[in-house]
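Me: I would like a close look at a single part of this model, the place where the two chains meet, and then at the chain that lies on the far side of it. Please take it slowly and keep the parts connected.

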Amino acid sequence: MKQLVTLLCFFLGTTSLLVAQSYNISGQVKDEAGEPLAGVTVVVKNTIRGTTTGNDGRFTLQVPGPDAVLVFSYTGYTQQEVPVNAQRELDVTLVESGSALGEVVVVGFGTAYRQDLTGSIAKLSSKEFEFQPVQTFENAIQGRAAGVFINSGSGKLGQGLNIRVRGISSVSAGNQPLFVIDGIPVISERIGSATEPDNPLATIAPEDIESIEILKDAAAAAIYGARASNGVVLVTTKSGRSGRTKVSFGLYGGWASPTRKRKWLNAAEYRELFTYAAQQSDFGELDAAEEFASETGTDDWNSNYDTNWADEAFQPAGVRNASLSITGGDARTTFLISGTFNDQTGILRGNAMDRLTGRINLDHKASNRLRFGTNLSLIKSLNQRVPSDNAFSNPLQLNALPPIQPKIDPNTGKLNQNTLYYNNLIDLENGFNNATTYRSLSNIYGQWDITDRLSFRSEYGIDWLNLQEEQFRGRETLDGAPTGESYSNQVNVLNQNVNNFLQYVQKFGQNFDLNATIGMQYQSGNYRETSSTGQGLPNDRFTKIASAAKIVQGASNESAYAFTSYFARANVKLFDRFLVGLSGRVDGSSRFGKNNRFGFFPAGSLGYVMSNESFLRDNKIVNFLKLRASYGSTGNAEIGNFAWRSLWGANFVGDLSGIVPTRIGDENLTWETTNQLNVGIDFGLFNDRISASFDYFDKRTKGLLLNLPLPASNGFTSITKNIGDMTNTGYEFVLTTQNLVGKFRWTTNFNISTYRNKVTNMNGSTIDGGSRQLGRVSEGQPFGYFWGPKYAGVNPDNGNAQYYDTDGNILDQDDFLALPDEKRNQIVGNPHPDFFGGMNNRFSYMGFSLDVQLQFVYGNDLYNIAGFFQSVNGDYFDNQSKDQLNYWRQPGQITNIPEPRLYSGNGAIKSSRWVQDGSYLRVRALTFGYTLPRSLTSRVRMENLFVYVAAQNLFTFTKYDGYDPEVNATYVSAVNLGHDFYTPPQARIITLGLNASF
Amino acid sequence: MKKIAILISTVVVLFFSGCIKELDIQPLDAIDASIALETAEDLESAIVGAYSIMHSGALYGTNLNLLPELLGSENYCQWRGTFQSYRQVMNKNMTIDNAEATRTWIAAYRAINVANNVLDNLNKVSDTDKRAQLEAEAKFVRGILHFELVRLYAKPWNAPNTGPKSRLGVPIKLKGTANEAAASVKVKRNTIEEVYAQVIQDLKDAEAGLPASRNGNNRFRATTYTAKAFLSRVYLQQQNYSEALQKANEVIASNAYRLNASVTSAFRNKFTGETIFELYMNEQNNAGTANDGLTTFYASLPGIGRSDVRILAPFANLYEPGDERLTELIYIGTGRRPGSRQTGKWTQFEQNIPVIRLAEMYLTRAECNFRLNSTVGSTPLDDINLLRRRARASILSTLTLDDIIKERSLELCFEGLRIHDLKRLELGTGSFSFDHPKLVLPIPEREIRANSELEQNEGY
């Protein structure tokens, strides 16, 4: 602590005092066409003094003297340094380059120019996704950021996405990156009681976002210390701009449909298959009609219904979105007021979500040296949920119902109650499942520019989230029968965060530039939940627990955590070409065992801008070349709030309560540590017509949290300890080309990435995914590799399903099942892709623009667990996928579908039979738009009018024959990656929209 | 400027030091073990906690009843539910990872650990009476659970000694686990003799220190007579008839209990005058309503139970036609899997579960008096007729040992005594001799993996 004080004093003491002769300069920044550019960063070189241009492209800035140099930076434009030369008015024209080198990148606790970066950071600016009809901003990253693998998991609205930055670095402590919005780490963990909980990030309007930065390597992320192992996603919201008040208005609406529907047997095919299956049953020659009658209690086999149950799962879907933002202000105060409304009807029956957001971002300069500001936001969303994939009430499970059964019972005229499985359409008619979220993400800050080189910034932010889950199941429903059931759950989460930090820049002599940051962060999180369930409601018009005769469940609980952290970073530039970065963070957390409460996370990096060497300067081909390397340490602190403690909790006897030990803790338990090496190269050719970067990373994670079995005779069965290791290595390549410049403009962005995950130490243990799942974690293999029996097709002689034993012999199922375990199970797939990435092409001509975003994943395997029921050659009366018709009928027949034998389990064991290649290429987003000529719009006093048609998930190319290759059922445990179980597909959305500003 | 710098630094430093204190966050839904057992009240809560574990399905809530019944299922009852674990117990082909053998072992030692933690922290109680009572109660819990473990996971007491492995009992745990080191200790199995000696010692201490009665919500807790009743069970299991007789007689002679007027009363009402040890259940806290609990497995009533266990005809036919234990306590199922004979003892999810009833004491006293040719307390014939009279069965005029044994099974069926009686009587079940290795549960596989000092049972 003493050292810190000394350090602070040092910084303050050595800083030169106010420089004389400072005066105000103002000016305007325009593009080549003469249009004013808003939001351009203007900084006095070698100082912290800076501003951004207003809506009219104008800026005012106090410069220290007549010989100052101003640096103008704007994403997509060449950075310019302009000497003031004692002028008081300075107009600048920036040249569009498509180059990202001069852009300002948000790093933790500060910003940097891309050309000076030594770490690996992907940046996405709002311009790249602003017209994409995404519901949540993470969707916009998909396929656009190298090294960031995103899987939407399912087509349900408001569901959590899987975001993996450079592979998977934890077995049990979570793999989601840390999300930081305007400097405040926000709630991104799943909350609430649903098996597939809501995604808290879906409450944030994409329209409010200015940029998204993803910190990938240790040099970039170590400043976030113990929570940065999975990468850090920094989100910056839009801020106000001075000048004439500008009103922008956006509107879009459209239609949504499933990316794909599957084909199922119709009534005639169903009867054919099951007639055969019954005859061939191991239980003797059965009569299908009789069997069907005894299983369902109906005579439907002999009726004439032909119901397309699978289609009943879907509904006409669409989206409506409106947004309004007003920005303006003067040289001292700028503001942004925005509001958005988004209303989606999901493709899955009963699924809908709407969201209303409001925001005020305000910045005020009290003096040239003192600034204050606030970002205030309020959000309300309502998600009408559908049940989790494995619930009988999941609408997609309707595809299991026999087509020969009617949807409406002809006797009652109501929904048929006598179906093979629950007719879950009853749930929708007779119940609801609503999740309402209220949230405020708000902060205030003060910044004091103590001198031109030293500033102190203090930020306080809150993320308050209130989730209200309400479920009602009427008396006709499966779960609510016979008297109705009502459930209510209130969740309140409050995160508070304080950042205090000093920033310092200094140029020593001609060849030594220093940029340093030192500070502290404190964060506390509190989680409270209260739930209750009532049964016995008078009738289905009473849905609240107050009307319930019996309270059958009630609970309230609370949990909390805190972090106290100190961090420092120094970046040095020598001779304008050697870059050195050092950062360190000390993190203390209530989550870490008392013997291990503070961790230190250092990182170092080097960069060499070779293009600034004399031998490359003014080279005709290479205009930029930089080599980078970094190494450092980060942590994963999502280890549970009290995992290190030994605890006693309540346990009940009749009306009495006692206490029992609930866990034994390891007082050394602490974060998981990742050491990451990154080497990279960035280059620009032909004046940045071609620019590219290439990165190689090697992430080694140690101290993975695993459960060590204990002798139960001591009272406990396991203890959680830091014992496992895993590695992730991979490559990332990003290429940006300006194919055509000038009037007709064509830009291509391409990125491709790989990661190879390997679990290297599990202390000899394995984690298995479950009796029907294939996922497994064990030493020497990638996390979640598929492990189980390997399907070998059908014996042409007898129609038996066949499997490979571990020696490669093909055996009939009965012989195979007689083998011991170790002969039966083997590796049958890998859920990790060989590579993934995306390509964006942007064309513009006159006012027209076309933006096409492709996204691809290659080489991963998927496992359809539902194959047990739906693609199992009529083993039971579930409707079958159409391919099952190609079943074995006669000796000699070569097919992959075993002979149907009702109830006999031929080919019905867990196996690779339902493992498929999950590679896909998707036209993820497409926007075609037209900006009306200014001459036209100015007549109606409109500054800008853009109309467009946009599409999301327009086409998908895949060999996967399930609904959608972008799938990850979340109800199964986390080791089961790439599993599909009646998981709804993504939506294809087509929208028409307009954006206008006045 | 320097002053400002110092000011900022001071403020920042003050703020930081405050934050470090904030890192000490205590959980609110649970209490850290280091401060959980500090007062007599905490220890009292822990004792109730030990009972709560004993109430679970892994112990008296289901398995300590159901496993002994299924192990002796021949000509008696049949498991036809879907759980493979119980089916294996019935078929005597348990695998070493049998889920029931695993969870019962874990839960028993979990409860023993709670009892030992109470014993280890008795110095926190200043009131000597209170301390003695807590000590006695903790030893009661420890004693009966070691007894249940040694009966299920080791050869019978009376099995012939065919080598060192045949006398392997279970580990005796007398120290509580308070930290990781203690939780990792690997212990060996004690001998059957050592375990029984420890059980008897604990129960004698319990007998001496427990109160004579309990009131209100505490009626599920042990009294001195509960300890005596368990002692009589232990002695009887050892074929020590004189001690078993003495303890059974002490319970009866205390007049603390009396037989209910009807055979159903103990299973329809809470804490009747007949039960000596009873589990306390209510609508929310019970042994299970879906995949666990005696009612779930034994009942077949509309909306209640699954009829996973049905009674077989040879056993039902042992009753005389008018015996109310047949007419009132065996019914034909009307719920799931209807049409089979079901026991009427377990018919409601929230019903209390009697573990020891006074009727057992009469049966034990009668058997021991008969074997010892004595009439301590009463004659065997009178004791047996007392129960038969209540059941509206015919009154006997003469008595054989077989009559007493038969009466015992008619009265106490489906209450968890089946295999234990078959073993001590050296009767065996079906084709399995009383000391057959497959009538002993396997030491759970997970336990052997975690504790290399443990030896597996013969036959696994």
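Which strand of chain B do the bridges join to β30(A), how many bridges are there, and do the two strands run parallel or antiparallel?

Reply: In this predicted model, β30(A) is joined by two bridges to strand β1 of chain B, which comprises residues 31–32, and the two strands run antiparallel. Within this pairing, the residue that stands opposite B:I31 of β1(B) is A:W648.

The pairing belongs to a wider contact, to which chain A gives 53 residues and chain B gives 58 residues. On the side of chain A that touches chain B, the elements that give two or more residues are α1 (2–14), β25 (512–535), β26 (550–574), β27 (578–589), β30 (647–653) and β31 (656–663), so that β30(A) is one of several contributors from that chain. That side of chain A is made up of 28 nonpolar residues, 20 polar ones and five charged ones. As for the scores of the model, ipTM is 0.94 and pTM is 0.89.

Turning to the partner that carries β1(B), chain B has 20 helices and seven strands. Its radius of gyration is 25 Å, close to the 23 Å that the globule rule gives for 460 residues, and chain B is therefore as compact as a globular protein of that length. Along its principal axes, the C-alpha trace of chain B spans about 110 × 50 × 50 Å. Of the 460 residues in chain B, 52% count as buried, and among its contacts between residues at least 6 apart in sequence, 68% join residues at least 24 apart.

One helix of chain B can be followed in more detail. Helix α6(B), residues 99–120, has 22 residues and should span 32 Å at 1.5 Å a residue, which agrees with the 31 Å between its end C-alpha atoms. Because 19 of those 22 residues are buried, α6(B) is largely enclosed by the rest of the structure.

Confidence in chain B should be read alongside this picture: the mean pLDDT is 94, and 95% of the residues reach 70 or more. Confidence is lowest in helix α1 of chain B (residues 2–22), where the mean is 62, and highest in helix α10 of chain B (residues 224–237), at 98.

Technical notes: Residues are numbered from 1 along each chain as its sequence is written. Chains are lettered from A and ligands numbered from 1 in the order in which they are written. This is a predicted model: local features need pLDDT of at least 70, side-chain atom pairs count only at pLDDT 80 or more; totals for chains, interfaces and linings use all residues. Helices (H or I, at least four residues) and strands (E, at least two) are DSSP runs, numbered from the N terminus. The expected span of a helix is 1.5 Å times one less than its number of residues. A residue is buried if 20 or more other C-beta atoms lie within 10 Å of its own, exposed if 12 or fewer, and partly exposed in between; C-beta atoms are placed from the backbone. The radius of gyration is taken over C-alpha atoms; the globule rule is 2.2 Å times the number of residues to the power 0.38. Two residues are in contact if their C-beta atoms, placed from the backbone, lie within 7 Å. pLDDT is the predictor's confidence in each residue, from 0 to 100. Ala, Val, Leu, Ile, Met, Phe, Trp, Tyr, Cys and Pro count as nonpolar, Asp, Glu, Lys and Arg as charged, and the others, Gly among them, as polar. Two strands pair if DSSP finds at least two bridges between them.
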